[in-house]
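Could you show me around this structure, one selection at a time? I have it open in my viewer and would like to know where to click next.

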Amino acid sequence: MKYLIIFFSAVVLVACKKEKEIVSNPTKKDSVNIFQNSAKTDSQPANILVDVFPFPKEIKECSCYFARNKADFENEKYIYADDAGKTAYMKLEGKRIAMNLISSSDMEVDEELTKEIENENYKISVKGKKIKNEEVLLFEGTLTIEKPDGSITRMPIYGECGC
């Protein structure tokens, strides 16, 4: 009887060890597959081409307009302009587009500038901080462009808002 209990215990231990080995192998394969899939996703760039354009003729009075940096701003190489109320203009992926402003912060209240612009192809967010307060307000910040497929492009901006 004693030998029978030892024999069954040995069989049960061996059977448990084999099951553990079998179960652990598919887990390793799954994690390798997940790693490979995520590597493929991360390797695809999400850049949206943002072109410069001259100041829009449609804007007659108060406006905000931005370039990538101070040098481009001084050379009038704008990447964003709006009429401080209704319409924003950009040149994205080779096409000049006009979009509706959804929201805009009151720049007189605080030091922050925020704007939300959207159409069927792009969702654009402008966030900036006031750096100089004269007749026009100078800002530095970030422009974020998101497409419906989830690709996002962020870039620094420099520009002004005023009348």
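Here is a tour in a few stops, starting with the whole chain and then moving to smaller selections.

**The whole chain**

Begin with everything selected, and keep in mind that this is a predicted model. Colour the protein chain by confidence: the average pLDDT is 79, and 69% of the residues score at least 70. Now select residues 18-45, where pLDDT stays under 50. For this stretch the model has zero contacts beyond four places in sequence, and you may like to hide it for the rest of the tour.

Switch to a cartoon view to see two helices and nine strands. Following the sequence from start to end, you will meet them in the pattern α-β-β-α-β-β-β-β-β-β-β. Of the contacts with a separation of 6 or more, 42% are between residues 24 or more positions apart. Turn on the surface as well: the protein chain exposes about 11,200 Å², with 55% of that supplied by carbon and sulfur atoms. Buried residues account for 32% of the 163 residues.

**From strand to strand**

Next, select strand β2 (residues 63-67) and β3, which run antiparallel and are joined by four bridges. To find one of the bridges, click C64 and then its partner in β3, D82.

Stay on β3 for a moment and select residues 78-82. How many of the five residues of this strand are buried? Five of the five are, so β3 is largely enclosed by the rest of the structure.

Now add strand β4 (residues 87-92), which pairs with β3 in the antiparallel sense over two bridges. D82 is again a useful place to click, since its bridge partner in β4 is A88. The hairpin of β3 and β4 has four residues between the strands, and A84 takes a positive phi near 55° there.

Keep going to strand β5 (residues 95-104), which is joined to β4 by six bridges and runs antiparallel to it. Click K91 and R96 to see a bridge pair between these two strands. Here the hairpin has two residues between the strands, and E93 takes a positive phi near 50°.

The last step in this part is strand β6 (residues 112-118), paired with β5 in the antiparallel sense over four bridges. L101 has I117 as its bridge partner in β6. If you show side chains while you are here, remember a rule about strands. In a regular strand the side chains alternate between the two faces of the sheet.

**A cluster of rings**

Show the aromatic side chains next; the structure holds seven aromatic pairs. Select F73 and Y78, an edge-to-face pair at 6.0 Å centre to centre with 70° between the planes. F73 counts as buried at 11% relative accessibility, and Y78 is buried too, with a relative accessible area of 7%.

Keep F73 selected and add Y158. These two also form an edge-to-face pair, 5.6 Å centre to centre and with 75° between the planes. Which parts of the chain does this pair tie together? F73 lies in helix α2 (residues 70-74) and Y158 in strand β9 (residues 152-162), so the pair links parts that are 85 residues apart in sequence. Y158 counts as buried, at 8% relative accessibility.

To see the wider group, select F55, Y65, F73, Y78 and Y158 together: ring pairs link them into a cluster.

**R68 and its surroundings**

Now click R68, which you will find in the loop between β2 and α2. Its relative accessible area is 29%, so R68 is partly exposed. Then pick I157, 89 residues away along the chain: the C-alpha atoms of R68 and I157 are separated by 4.6 Å.

What else does R68 touch, leaving aside its neighbours within four places in sequence? Its contacts are V50, D51, V52, I79, M155, P156, I157 and Y158. Zoom in on V50, whose backbone oxygen lies 2.4 Å from a polar atom of the R68 side chain.

**A last stop in a loop**

Finish with S151, in the loop between β8 (137-146) and β9. Is S151 buried or exposed? S151 is buried, with a relative accessible area of 15%. Add D149 to the selection to see a polar contact of 2.8 Å between the two side chains.

Definitions and conventions: Residues numbered from 1 in each chain as written. Predicted model: local features only at pLDDT ≥ 70, side-chain atom pairs only at ≥ 80, totals over all residues. Heavy atoms only, no water. pLDDT = per-residue confidence, 0-100. Contact = heavy atoms within 4.5 Å. Phe/Tyr/Trp six-rings, centres within 6.5 Å; stacked < 30°, edge-to-face > 60°. Buried < 20%, exposed > 50% of the residue type's maximum accessible area, 1.4 Å probe, protein only. Pairing = 2+ DSSP bridges. Polar contact = N/O pair within 3.5 Å; in protein donor to acceptor, adjacent residues only side chain to side chain. Areas by Shrake-Rupley, 256 points an atom, 1.4 Å probe, with all protein chains shown as cover.
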